[in-house]
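Reader: Could you take me through the main nonpolar core of this one, and then show me how the charged side chains pair up around the rest of the chain? Keep it relaxed, I'm reading at the bench.

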Amino acid sequence: MTATTTDQSKLWDLIKDTRFGMLTHRHGAGTLYFFVPKDGDIARHVAGDPVVNIAYANTDSDSYVSISGRAELREDAAKKRALFSKMVEAWFPKGVDDPNLGLLAVDVVEAEYWDVDDSKMVQLYKMAKAALTGEPPKNLGEHKKVAV
C-alpha cells in the first residue's frame with residue numbers, strides 16, 4: 001500500500017461510522033478570520049482555489065455547523081492587531097509583527113447548522129422506529145440554512 005492509499009483508507013475509516021455528515025453549497029455573505037503561516041499549505045492552496053468549507057462539530061451537545069466560502073490572505077495590520085491573542089501567540093511566538101503571520105479571511109457564502117436537543121437514546125429510538133415503519137425519522141433536531 002502506498003502512503004496515499006493508506007491516507008485515503010484512514011480518511012474513509014474515520015468517516016465510515018460517523019452518524020451524520022453535512023453537505024453545503026455556496027450562497028450568501030459574511031467574513032471569518034484565521035491566522036495561518038504565509039508559507040504553509042493552506043496559504044498555497046487557497047491561492048490556487050479559494051473555495052473552502054469550515055465545519056464545526058460539538059458532539060457533546062450534538063450541534064454542527066458547516067460554512068462554505070471564499071478564502072484569501074489579506075494584509076490588514078489593524079485587523080491582525082485586533083484579533084491577535086495569547087492563544088495565537090502559541091503558534092506565532094514572534095508576535096503580531098511576525099512576517100510569516102498571515103490573516104486568512106473567509107468570506108462566508110453559505111452557512112448551515114444542525115442542533116439536536118434530544119438525548120442519544122431518544123435519537124436512536126427515533127431512528128429505530130423509522131427503520132421499522134419505513135418512514136423517515138421525524139424531529140431529529142433543528143436544521144437551518146442561515147442568511148449571512
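Author: The largest nonpolar core in this predicted model has nine residues: V36, V46, I54, I67, A71, L104, V106, V108 and A111. Two elements give two or more residues each to this core, β3 (63–74) and β4 (101–115). The largest share, four residues, comes from β4. In soluble globular proteins, nonpolar side chains tend to be buried together.

Zoom in on A71 for a moment. Leaving out residues up to four places away in sequence, A71 touches V46, P50, V52, L104, A105 and V106. There's also a second, separate core of seven residues, and F84, F92, L101 and L103 are among them.

While you're looking at β4, find Y113, which sits in that strand. Y113 is partly exposed, at a relative accessible area of 23%. Count along the chain and Y113 is 47 residues from S66, yet in space their C-alpha atoms are 6.3 Å apart.

Now for the charges. Side chains of opposite charge can pair when their charged atoms come close. Across the whole structure, a search finds seven salt bridges.

Start with D41 and R44, whose closest N and O atoms are 2.4 Å apart in their salt bridge. The two are three residues apart in helix α2 (residues 41–48), so about one helical turn separates them. D41 itself is partly exposed, with a relative accessible area of 48%.

Next up is R74, which forms a salt bridge with E72, and here the closest N and O atoms are 2.7 Å apart. Both ends of this pair get some exposure: R74 is partly exposed with a relative accessible area of 23%, and E72 counts as partly exposed at 39% relative accessibility.

Then there's D97 with R81, side chains meeting in a salt bridge at 2.8 Å, N to O. D97 lies in the loop between α4 (86–91) and β4, while R81 is in helix α3 (residues 77–83), so this pair ties together parts that are 16 residues apart in sequence. As for solvent, D97 counts as exposed at 56% relative accessibility, whereas R81 is partly exposed, with a relative accessible area of 49%.

One last thing to click on: K38, E75 and K80 are joined into one network by salt bridges that share partners.

How values were computed
Residues are numbered from 1 along each chain as its sequence is written. This is a predicted model: local features need pLDDT of at least 70, side-chain atom pairs count only at pLDDT 80 or more; totals for chains, interfaces and linings use all residues. Side-chain values use heavy atoms; hydrogens and water are left out. A nonpolar core is a set of buried Ala, Val, Leu, Ile, Met, Phe, Trp, Tyr and Cys residues joined through side-chain atoms within 4.5 Å. Buried means under 20% relative accessible area, exposed over 50%, partly exposed in between (1.4 Å probe, protein chains only). Contact means heavy atoms within 4.5 Å. A salt bridge is a side-chain nitrogen of Lys or Arg within 4 Å of a carboxyl oxygen of Asp or Glu.
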